[in-house]
Amino acid sequence: MPVNEPSDQSAPEPRRDLNDPEATFEDLPFKPQLTEKQAKRANQTFKGMVLSVGFTLAVVIPLVLLNPAPKDEAFESKVNLQQTAEQTEQIAGFEVFAPSLGDGQYANFARWQANTAQGVPYWEFGIVAKNKDFVWVRQAAEANATWIALTTDTAVPTGTRTIGGWEWEVRVKDGTTYLISERKDSTLILSTDTSEQQLEDVAELAESTLS
């Protein structure tokens, strides 16, 4: 009686269901065939993609090499606060607040706003401390309730605060604190959304500079 010799070939693995996420072309009930034209188009598409990527790299790489990443200090935009204030006082008609700043502080902008929608010309500048805290200073001789409301983004008054020898009205809105003080010839508005301590430091500078 003939003996059945074991086959060296293992049985083919069953095809996976096509809904199986691990299914491949081998699990299809048929093998997809490309016509000669389809294969030629596919080859041309692949060549076009390679050329497109190569062209993009040829353009981008020189730009990256020619424009290295900026250093942190490159973001510092410093202005000469005292010099700008001296020029402004000639047209402002009041004593312009321009304090001497300490170490780690600088003014990142300073300007006279003459043509404003509110009809109130004013002096403004920004003080940056430790490259993270910011106080916005605005000063006007012709301030009125409308200008103050617009400048403070219609923030609601929350009380008063005495800083140095001055009394300041406090307004708060959306994380921003405003300090408002009316002096003999101008109104000062200080604001910050980063550091109330820095805000009070600037208020003390105003009291010592303009008194």
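This passage looks at helix α2 and at the aromatic side chains of a predicted model.

Helix α2 takes in residues 81–92. How far apart should the ends of this helix be? At 1.5 Å a residue, its 12 residues ought to span 16 Å, and the C-alpha atoms at the two ends turn out to be 15 Å apart, so the two figures agree. At the start of the helix, a side-chain oxygen of Asn80 comes within 3.4 Å of the backbone nitrogen of Gln82. Just after α2, Gly93 has a positive phi of about 85°.

Which residues of α2 are buried? They are Leu81, Thr84, Ala85, Thr88 and Ala92. These residues cover an arc of only 100° around the axis, so they sit on the same side of α2. That fits the general pattern: an α-helix has 3.6 residues a turn, so residues three or four places apart point the same way. The buried residues pack against two strands, β1 (105–113) and β2 (122–129). On the face turned away from this buried side, α2 carries the exposed residues Glu86 and Gln90.

Now for the rings. Searching the whole structure turns up 7 aromatic pairs. One of them joins Phe94 and Trp112, whose ring centres are 6.1 Å apart with 50° between the planes, a tilted arrangement. Phe94 belongs to the loop between α2 and β1, while Trp112 belongs to strand β1, so this pair ties together parts that are 18 residues apart in sequence. Both Phe94 and Trp112 are buried.

Strand β1 also supplies Phe109, which pairs with Trp136 of strand β3 (residues 133–140), so here the parts tied together are 27 residues apart in sequence. With centres 6.5 Å apart and planes at 80°, the rings of Phe109 and Trp136 count as edge-to-face, because that label applies to planes over 60 degrees apart. Are these two residues buried or partly exposed? Phe109 has a relative accessible area of 15%, and it is buried because the cut-off is under 20%. Trp136, at 31% relative accessibility, counts as partly exposed.

Trp136 has a charged partner too: the charged end of Arg138 sits over its ring, 3.6 Å from the centre. A similar picture involves Arg183, which lies over the face of Trp166 at 3.7 Å from the ring centre. Elsewhere in the list of aromatic residues, ring pairs link Phe97, Trp123 and Phe125 into a cluster.

Notes:
Residues numbered from 1 in each chain as written. Predicted model: local features only at pLDDT ≥ 70, side-chain atom pairs only at ≥ 80, totals over all residues. Heavy atoms only, no water. Helix = DSSP H or I, 4+ residues; strand = E, 2+ residues; numbered from the N terminus. Expected span 1.5 Å × (residues − 1). Buried < 20%, exposed > 50% of the residue type's maximum accessible area, 1.4 Å probe, protein only. Arc of directions from axis to C-beta. Contact = heavy atoms within 4.5 Å. Polar contact = N/O pair within 3.5 Å; in protein donor to acceptor, adjacent residues only side chain to side chain. Phe/Tyr/Trp six-rings, centres within 6.5 Å; stacked < 30°, edge-to-face > 60°. Lys NZ or Arg CZ within 6 Å of the ring centre and 35° of its normal.
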